[in-house]
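Reader: I am new to reading protein structures, and I would like a close look at a single part. Could you walk me through one strand and what surrounds it?

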Amino acid sequence: MARQIKDFTDEEMLDEATRILTNGFTLHHKQNMTRQELVDYCRRIGNTDDDKLGYMPFNPKDTPDITLVTPGPNGLFGHSDLHWHSNGTVYHIGEFKEILIALYCEDECVDTVFSLLNNRDAFLDLSKEDQDYWRTIEVQLNNIHHGIYGEVQPKDDNSLDEYVQMEPHKGDDRMPVVNTHPVDGQEFLYWQPPLIEKAWKDGKPTDVEEIKEKLKATLDRSIYQHHIVFKKGDMLIMDQLYTLHRRSPVINKNRLLWRVAIDYTNTLDK
Ligand SMILES: [Fe+2]
């Protein structure tokens, strides 16, 4: 039987958090967890109180720190493909604190591919000249077009209504694309491709389409990607500043992931 992460010692827990930060994610297979065991495990890494998605209809009452990610009427995100994004989506850095997301697979869809992209490594591998170029760029993020969805969502899917009801960023409200991770201080290039509405270079407005194309050419490269087909019992934890993710459409409508938003405050960020 595979080593069960719910039995980790404190030392193994610290090692787990370190590996998430170092590699951008960890993936464990053949785990056997109840919803409460998942929450308990995540709480050993950090705070699991999700201030963006907590206490919504698709959070079970007995474990409100878990969000059900499933195409059904009581789940988040529907069935269509999702474009590259990370948790935070329309929020600028500093406006959210959940910099880790855990996904535990309770029911699988073997036709759905979940992809990860390490945007920190992509930035650190750039020449100093290219890194300096990106330090001159700022962007404004908003929920435009279909947001992170690849297609228009059916009218009866209101699963994200409350989630996206944030005040849009207006005027010259913006954030740098090069940011520093609050826990280990490494720089990374932040990219939410479906949500970039405006761009600035050296503090002056610039062509947003050109910036979007350059970001895609820099970041959307197979060398920085991992592709996962979740099977029951798989457990992924990913750093939302160092990685982003996307998903192909869900075919098996019973697919169910348990999602927990966390930070590092009980391990690396005490
Ligand atoms: Fe996501």
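Author: Happy to, and here is a walk around strand β13 and its surroundings. Before we start, note that this is a predicted model, in which local features need pLDDT of at least 70 and side-chain atom pairs count only at pLDDT 80 or more, while totals for chains, interfaces and linings use all residues. Residues are numbered from 1 along each chain as its sequence is written.

Let's find the strand. β13 covers residues 235-239; helices (H or I, at least four residues) and strands (E, at least two) are DSSP runs, numbered from the N terminus. Five of the five residues of β13 are buried, so the strand is largely enclosed by the rest of the structure. Here a residue is buried if 20 or more other C-beta atoms lie within 10 Å of its own, exposed if 12 or fewer, and partly exposed in between, with C-beta atoms placed from the backbone.

Now look at the directions of the side chains. In a regular strand the side chains alternate between the two faces of the sheet. M235, I237 and D239 point one way from β13, while L236 and M238 point the other way, and all are buried.

Next come the partners. Two strands pair if DSSP finds at least two bridges between them. Strand β1 (residues 25-28) runs antiparallel to β13 and is joined to it by four bridges; the bridge partner of H28 in β13 is M235. Strand β4 is also antiparallel to β13, with five bridges joining the two, and here Y104 stands opposite M235.

From β13 we can step to A102, which touches M235 and I237, as well as C42, V260 and I262, not counting residues up to four places away in sequence. Touching means that the C-beta atoms, placed from the backbone, lie within 7 Å. A102 is, with L100 and V260, among the residues with the most contacts inside the largest nonpolar core, which has 55 residues. Such a core is a set of buried Ala, Val, Leu, Ile, Met, Phe, Trp, Tyr and Cys residues joined through C-beta atoms within 7 Å.

C42 leads us to helix α2 (residues 35-45), whose buried residues are L38, V39, Y41, C42 and I45. They cover an arc of only 160° around the axis, which puts them on the same side of α2; the arc is that of the directions from the helix axis to the C-beta atoms. These buried residues pack against α1 (10-23), β2 (66-69), β4 (100-107) and β15 (256-262).

Methods
Contact = placed C-beta atoms within 7 Å.
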